[in-house]
Amino acid sequence: MNMDFDLPEDVVAVRDMARKFAADYIAPNARAWDAEMAFPDELIQKLGELGFMGALIPTEYGGSGLGYLHFSAIIEELAVHCGATALMVAAHNGLAGAHIKLAANEEQKKRYLPSLASGEYLGAWCLTEPGCGSDAANMSTLAVKDGKHWVINGAKQFITSGVRAGVFVVICMTEPDKRAKGISTFLVERGNPGLKIGPKEDKFGMRGSDTVPLTFEDCRVPDSAMCGEYNKGFQHAMKVLERGRITIGTLATGLARGAMECALAYAKERKTFGKPLIEHQAIQFMLADMAMDVDAARLLVRRAAVKMDETGEANFEAAACKLFASEIATRHCLNAIQIAGGYGYTKDMPMERLMRDAKLCEIGEGSSQIQRMVIARHVLSKANL
Ligand SMILES: Cc1cc2nc3c(=O)[nH]c(=O)nc-3n(C[C@H](O)[C@H](O)[C@H](O)COP(=O)(O)OP(=O)(O)OC[C@H]3O[C@@H](n4cnc5c(N)ncnc54)[C@H](O)[C@@H]3O)c2cc1C
């Protein structure tokens with residue numbers, strides 16, 4: 001069997017475009033966005049012009065029509081300099097956009113996807129609630145039929161890009177007795193009087209990307225706002241998360257690579273005991289472990305991305321890449337701080353920010369414990385691995 005580990009030329013071209021943009025525009029600004037807990041409109045406009053806001057959206061709806069291999073190359077490059085930017089693009093494409101692409105009808109796709117693709121507005125994907133995250137089927141946000149409308153009451157928690165979103169993909173109970181089989185999805189537009197957007201969370205990391213609570217108080221939407229079939233919302237949400245985990249895996253890989261690159265540059269300059277840090281074997285070993293793990297994470301991501309692009313499924317592969325990449329990212333961002341010593345512990349160097357960003361990858365879109373549960377289910381279901 002001939003296995004080719006080189007990226008196809010078109011993926012390299014997209015990656016290089018993302019790499020240049022990230023180095024020229026994101027790197028000089030990421031620290032300020034972290035401190036201010038906000039992105040400028042200009043960032044989203046530029047990402048839209050590059051085709052990154054619509055990366056996964058089909059060309060017939062104004063997107064770039066790329067697959068997960070291309071998208072993972074983009075997200076890794078953005079994350080090298082700013083996890084928050086990468087998260088905003090990942091959630092917009094990989095959660096909100098992906099759910100609409102997967103489940104919406106033609107009319108809904110025509111209504112929302114072009115504006116999401118251009119970055120005119122962001123999409124927000126709303127599954128988590130104050131009372132449930134990992135066990136999402138235990139949700140209590142309820143949609144009740146009222147004539148030709150549905151009325152939504154409840155609350156969602158930790159919603160990425162809620163401040164700017166133009167459309168909210170809201171996953172609600174429609175038949176509570178059926179639990180996971182009684183859940184449906186609705187598209188709620190910004191400005192709906194029943195939707196209240198709460199204040200931004202003051203987070204540890206991923207600070208440029210806003211995260212907000214939402215409250216739904218008699219939020220009325222027409223029948224036509226149902227996205228996907230009645231009571232199929234949870235099934236679609238799980239498929240969306242499977243895809244989303246590939247993007248979090250690549251995001252984490254980018255953070256680990258960013259920290260490694262900073263640590264390497266610093267170790268070449270800094271001298272201790274009469275020679276550059278890089279010449280001390282203990283430092284070389286830390287860098288060797290980083291390089292090996294970044295490479296392994298990227299290979300796991302690419303395997304999951306290729307499988308998703310080719311078959312539309314990558315349950316085990318997506319969980320494995322997310323789990324591995326997010327855990328090595330946190331570990332190696334901390335190691336990068338160690339290599340830079342006291343300077344690494346300040347905000348003058350990017351490592352501490354990358355480390356704070358990395359921790360989210362072990363929590364969002366299914367925590368490390370949840371990924372181990374998915375992987376264990378796969379292991380138990382296979383006689384031969
Ligand atoms: C910055 C940020 C952005 C987010 N963006 C979004 C978004 O856009 N949309 C959205 O819907 N959600 C979003 N989330 C929510 C995120 O997906 C949840 O936080 C995550 O799924 C975990 O849920 P939880 O916080 O309720 O933790 P819990 O489910 O309460 O879990 C708490 C801890 O217990 C562990 N645990 C839970 N059950 C088990 C078990 N059975 N066995 C062992 N350990 C277990 C978990 O791994 C975790 O460590 C975001 C969160 C953050 C922090």
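**Reading a ligand shell**

β3 gives the largest share of the shell around the ligand, three residues.

User: What kind of model is this?
Analyst: It is a predicted model, where local features need pLDDT of at least 70, side-chain atom pairs count only at pLDDT 80 or more, and totals for chains, interfaces and linings use all residues. Residues are numbered from 1 along each chain as its sequence is written, and side-chain values use heavy atoms, with hydrogens and water left out.

User: Which residues come nearest to the ligand?
Analyst: A residue is near a molecule if one of its heavy atoms lies within 4 Å of it. Here 18 residues surround the ligand, and Thr128, Ser134, Phe158, Ser367 and Gln369 come nearest.

User: How do I read polar contacts?
Analyst: Look for a pair of N or O atoms within 3.5 Å. The Thr128 side chain has an N or O atom 2.7 Å from a ligand nitrogen. For Ser134, a side-chain N or O atom is 2.6 Å from a ligand oxygen, and a polar side-chain atom of Ser367 lies 2.4 Å from an oxygen atom of the ligand.

User: Where does the ligand lie relative to domain 2 and domain 3?
Analyst: Domain bounds come from an automatic or database domain assignment. Domain 2 (124-233) and domain 3 (235-381) both give residues to the shell, so the ligand lies between them.

Conventions: Polar contact = N/O pair within 3.5 Å; in protein donor to acceptor, adjacent residues only side chain to side chain. Helix = DSSP H or I, 4+ residues; strand = E, 2+ residues; numbered from the N terminus.
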